[in-house]
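Open the model in your viewer and keep the sequence panel beside it. The tour goes from the ligand to its surroundings, then to one strand residue.

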Amino acid sequence: MPFLTAASQAHDYDVIVVGSGAGGGQSAYTLAMEGAKVLLLEAGRCYTPATETPMFQTPELAPLRATGTPQKPFGFYDATVDGGWQVPGEPYVSASLADGERFEWWRARMLGGRTNHWGRISLRYGPYDFKPRTRDGLGFDWPLAYPDIAPYYDRVERLIGVYGSNEGLENTPDSPPGCLLPPPAPLVSDYLIAQRARRLGIPAIPGHRAVLTRALDFRGSPALLHPGNPGAQKILAEDMRARTACLWATPCGRGCAIRANYQSPTVHLPPALASGNLDITTDAMVHEVTLAGDGRASGVGFIDRTTRAHHHVRARAVVLAASACESVRILLNSHSARFPQGLANSSGRLGRYLMDTVGSSVSGQVPLLESLPPLNEDAADGMQLYTPWWLYREQRAGKLGFARGYHIEFGGGRRMPGFGTAAGLEWLTAGSYGARFKQDVRRYYGSFVYFDGRGEMIPNDQSYCEIDPEVKDQWGIPVLRFHWRWSQHELRQAAHMQRTFTDIIEAMGGRTREPAQSDGARAIAPGGSIIHEVGGAIMGSDPASSVTNPWGQTWDVPNLFLTDGAVFASNADKNPTLTIMALAWRAADHILDRMRRREL
Ligand SMILES: Cc1cc2nc3c(=O)[nH]c(=O)nc-3n(C[C@H](O)[C@H](O)[C@H](O)COP(=O)(O)OP(=O)(O)OC[C@H]3O[C@@H](n4cnc5c(N)ncnc54)[C@H](O)[C@@H]3O)c2cc1C
Ligand code: SF4
């Protein structure tokens, strides 16, 4: 029986994995498929996308026409069934609430974590992204290079299914043949944005998202992903075959009952469970990693959220993937006489160098897109095209005033009308009523375009988390206190985004409601709000200045691993999740190898 309560768990496992999102799902998948006995502990409730996904529900069937509320900011049907900006009974503290110093933390407490509703944007880091300090003297180099991780990007893309194209652009890696699925057709608004952006020297190429635009290669991929393991190949082939291609009609943020996009509970966990090697206990709130007398991790302590009972479970190795900050919190709370400042923290770097993505947005209205004939533009639900960072030469020459790049996620189109479709048109209509208002709504519907910048933040000493000395959550577990600061690099980058996006809209013959914001401090989104938080337990090549080695293995405790974003030594403009999964697969291979050699 793979879903277990605390009472029915086996006594010993090879590996305990904490957290079932991108990092935990990938870790559990690789370990279980390759024969390790794995226990996955997940703090949230069990979640079954096949029966719980509101894929086809229309807005009028929901309260407030499904519009966003403080409890459900992404709308009533959003896949986050438990959690969000606040988790009831589980607070966190921002050391400052001042603009630019506040940190916001999105947590999804459910099987699969944030992978149930993430944007599925899946970009590889490029060669420069692993060696930023070598290039410009800022931040940290990773203790690995692109060729070390490239084979794992290949595997993850083949497993989860990522559409995209190879364009041969600088620091924007191509994938080997067979890894990527074909990209979807762009929308009319995408074509127009791309045409006008290119006139400004700004590229626009197919996006990369974890959405199946056609069936997966269930005949070829299993042997490449699990060489020499016919049992795993058979399980995976059957599972891949059962996944259906996208039907271009429903918002991915609600989840996908037909398994056409990547969610950990629809892609990683089913084959891992079918292997017979994976047990899962949900509602298991892990609060500490326990240490044996020999200095190795002996297991973890957790609280059953349904009974409030405390439990301990043992394993040969422990993998933390509770999301970057939560894994750091568990380690900071696992203090002992040997590690008074938190487990695996002999460097004093645990909690340090927290990073998010730099975000800034502009939207505009484009007369050329008005009154187009009705057409279903639901498409792949985002990022048909995007703009990778393109100003490497200018940046190298010191012409930009900031050190790192950003990519542009843009879009438009006409999706199912909702609560706010006709709201806020007054700046265009001067306030119309009755029949004139209806004409205006039809005219303007679908004529808006939006641009979101996603830029690299350089790690700094003022952005970190620590344990708050007073506040505890409802389980009695001390909570995190966040400190946050942007540098001038991020602020100038945000102002550059504003100018660029406004230029593109103007090149489309469009208009923005407000002028471009030239003050970066006003243009930048709050820390954490882009939900790409990484760092806090960075990897490195020196135990004195980093928490883990290049395999996510803590320097201090040899059988303790981190496989979420905590180990990131930089936060390139590329969204982090594909890299989390590639690193998790690499770490799992390392664990399996060391277990086979009886070193763990
Ligand atoms: C709206 C939104 C859009 C996004 N879009 C993108 C995108 O397009 N591309 C991209 O790359 N990234 C995107 N992200 C970010 C992406 O979701 C995360 O990078 C990714 O999910 C991180 O994986 P993880 O495994 O580290 O954490 P999570 O997915 O958060 O999983 C962590 C799991 O651990 C569990 N857990 C936490 N604490 C404990 C504990 N103490 N004990 C046991 N279990 C615990 C949690 O309940 C959760 O299930 C988006 C996120 C959001 C919210
Ligand atoms: S758009 Fe496609 S992948 Fe996304 S939820 Fe709908 S069917 Fe699934």
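A polar contact here is a pair of N or O atoms within 3.5 Å. Keep that cut-off in mind for the first stops, and bear in mind that this is a predicted model.

Select ligand 1 and Gly113. A polar backbone atom of Gly113 lies 3.2 Å from an oxygen atom of the ligand. Add Met110 next: a backbone N or O atom of this residue is 3.1 Å from an oxygen atom of ligand 1. Then add Arg120, where a polar backbone atom is 3.3 Å from a ligand oxygen atom. Turn on the protein surface: of the 990 Å² that ligand 1 exposes when taken alone, the protein buries 95%.

Now colour by secondary structure. Two or more residues of the shell around ligand 1 come from each of helix H1 (22-33), strand E10 (284-291), helix H9 (324-333) and helix H15 (577-596). Which element gives the most to this shell? Strand E10 does, with 3 residues.

Select the 37 residues around ligand 1; those that come nearest are Glu42, Arg114, Gly119, Glu326 and Thr577. Coloured by residue type, the shell shows 19 nonpolar, 12 polar and 6 charged residues.

For the last stop, select Val93, which sits in strand E4 (residues 93-94). Show Asp468 as well: 375 residues separate the two along the chain, yet their C-alpha atoms are 7.4 Å apart. Beyond its neighbours within four places in sequence, Val93 is in contact with Asp468, Val471, Val479, Leu480, Arg481 and Phe482.

Definitions and conventions: Residues are numbered from 1 along each chain as its sequence is written. Chains are lettered from A and ligands numbered from 1 in the order in which they are written. This is a predicted model: local features need pLDDT of at least 70, side-chain atom pairs count only at pLDDT 80 or more; totals for chains, interfaces and linings use all residues. Side-chain values use heavy atoms; hydrogens and water are left out. A residue is near a molecule or strand if one of its heavy atoms lies within 4 Å of it. A polar contact is a pair of N or O atoms within 3.5 Å; within protein, one must be able to donate a hydrogen and the other to accept it, and residues adjacent in sequence count only if both atoms are side-chain atoms. Accessible areas come from the Shrake-Rupley method with a 1.4 Å probe; for residues, only the protein chains shown count as cover. Helices (H or I, at least four residues) and strands (E, at least two) are DSSP runs, numbered from the N terminus. Ala, Val, Leu, Ile, Met, Phe, Trp, Tyr, Cys and Pro count as nonpolar, Asp, Glu, Lys and Arg as charged, and the others, Gly among them, as polar. Contact means heavy atoms within 4.5 Å.
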